[in-house]
Amino acid sequence: MDVTPETSGAGGRATADAARAASISLEGIHKRYPDGTEAVRELSLEVKAGELVVLIGPSGCGKSTVLRMINRLIEPTGGRIMLGDEDVTRVDPVRLRRRIGYVIQNVGLFPHQTVRANVATVPRLLGWPRERSRRRVDELLDLVGLDPSQFGRRYPHELSGGQRQRVGVARALAADPVVLLMDEPFSAVDPIVRTRLQEEFLRLQAEVRKTIVLVTHDLDEAVRLGDRIAVLSQGGHLEQYDTPAALLGEPATPFVREFVGADRGIRRLVVTPLDRETLEPLPAGGPPDAPTVPLRGSAYDALAVMLTSAADRVVVTDEGRPVGVLGRQRVLDLGRTE
């Protein structure tokens, strides 16, 4: 994607990329190895264009196998994988992979190439003119929060783990793929850097709106990042496919209930946005003397403010103006699960 007057800026970029995003449809796919091991059995799953779907489950449940079958690093034994209206099992796998961005746990940057050369890998393979490739690399390094004039000539060993991961994301986006596949993308960095990378990734996705399938073993990461979460059990069996709030509030099977854990109520508060309809009206005499929390926050934010200030309610504000009151019992009700 070159930046033109029609697509420059975050809004135009998001609109242009969303138009190019493609849905993914897994139709009864399975993978059986020569020794008889069934890694995935008859999995069907729909991912909408521009949606971020997380695959999660215990080790050995086939999460990464599913991801690799989508871009045909592993060939499915049967079933059909649709990218938009195209059956990917019937196209040239090399051409397919150049249309799909792929980010892995340890990044896989070429150690003897600069950051700029790493990001330009796929455009170079596609024969892009040098100037077009240079503009695209600069745009993407800016997008992932790395100044191209400062980082473009560095080598991977000169970067921190978080910076290398950002370069990996930029490289995956370089040829403007319709789909982005991510396999444990943030697990190789420490928890503080991981949280920052997740925040940056959410900001990035808000701009580019790619169709993303992300594999993780971390439920908190899945809840934070996913539009929908697919919980898989052994053999790639789909236990539940739902929004984070629905998954935490209404586990569909005993397996899911055990997997999300006894503290799922707290996790549910994290993904429950504050809503005007859930608020008590302001008293006639004006807002009470209580701590405030912005309307754009979550129920968890409201509870945290109450606990740290020893208050039993908060005043919810919208752009600084009080719009309602939220009590502690109401917050606890929002986090209640079955």
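Visitor: How do the residues lining the largest cavity divide into nonpolar, polar and charged?

Guide: Rolling a probe the size of a water molecule over the atoms shows where empty space is left. Here the lining divides into 7 nonpolar, 1 polar and 3 charged residues. Ala, Val, Leu, Ile, Met, Phe, Trp, Tyr, Cys and Pro count as nonpolar, Asp, Glu, Lys and Arg as charged, and the others, Gly among them, as polar. A cavity is a set of points on a 1 Å grid over the protein atoms alone where a 1.4 Å probe fits but cannot get out, and lining residues have an atom within 4 Å of a point. Keep in mind that this is a predicted model, in which local features need pLDDT of at least 70, side-chain atom pairs count only at pLDDT 80 or more, and totals for chains, interfaces and linings use all residues. Residues are numbered from 1 along each chain as its sequence is written, and side-chain values use heavy atoms, with hydrogens and water left out.

Visitor: Which elements give two or more residues to that lining?

Guide: They are α8 (161-173) and α9, and α9 supplies the largest share, 5 residues. Helices are DSSP runs (H or I, at least four residues), as are strands (E, at least two), numbered from the N terminus. Among the lining residues are Q165, R166, F186, E200 and F201. The space in the largest cavity is about 90 Å³, a volume being the space filled by probe spheres set on the points, which are joined across faces, edges and corners.

Visitor: How many aromatic pairs are there?

Guide: A pair of aromatic rings is described by the distance of the centres and the angle of the planes. The count is 2; rings of Phe, Tyr and Trp (its six-membered ring) pair if their centres lie within 6.5 Å, with planes under 30 degrees apart stacked, over 60 edge-to-face and the rest tilted. F186 and F201 are edge-to-face, at 5.9 Å centre to centre and 65° between the planes. This pair links distant parts of the chain, with F186 in the loop between β7 (179-183) and α9 (191-208) and F201 in helix α9.

Visitor: Are F186 and F201 buried or exposed?

Guide: F186 is buried at 2% relative accessibility, and F201 is buried at 5%. Buried means under 20% relative accessible area, exposed over 50%, partly exposed in between (1.4 Å probe, protein chains only).

Visitor: What about F255 and F259?

Guide: They are stacked, 6.2 Å centre to centre with 5° between the planes. F255 is partly exposed at 28%, and F259 is partly exposed at 25%.

Notes:
On a 1 Å grid over the protein atoms alone, a cavity is a set of points where a 1.4 Å probe fits but cannot get out, and a pocket is an open set with protein on both sides within 12 Å along at least five of seven lines; lining residues have an atom within 4 Å of a point.
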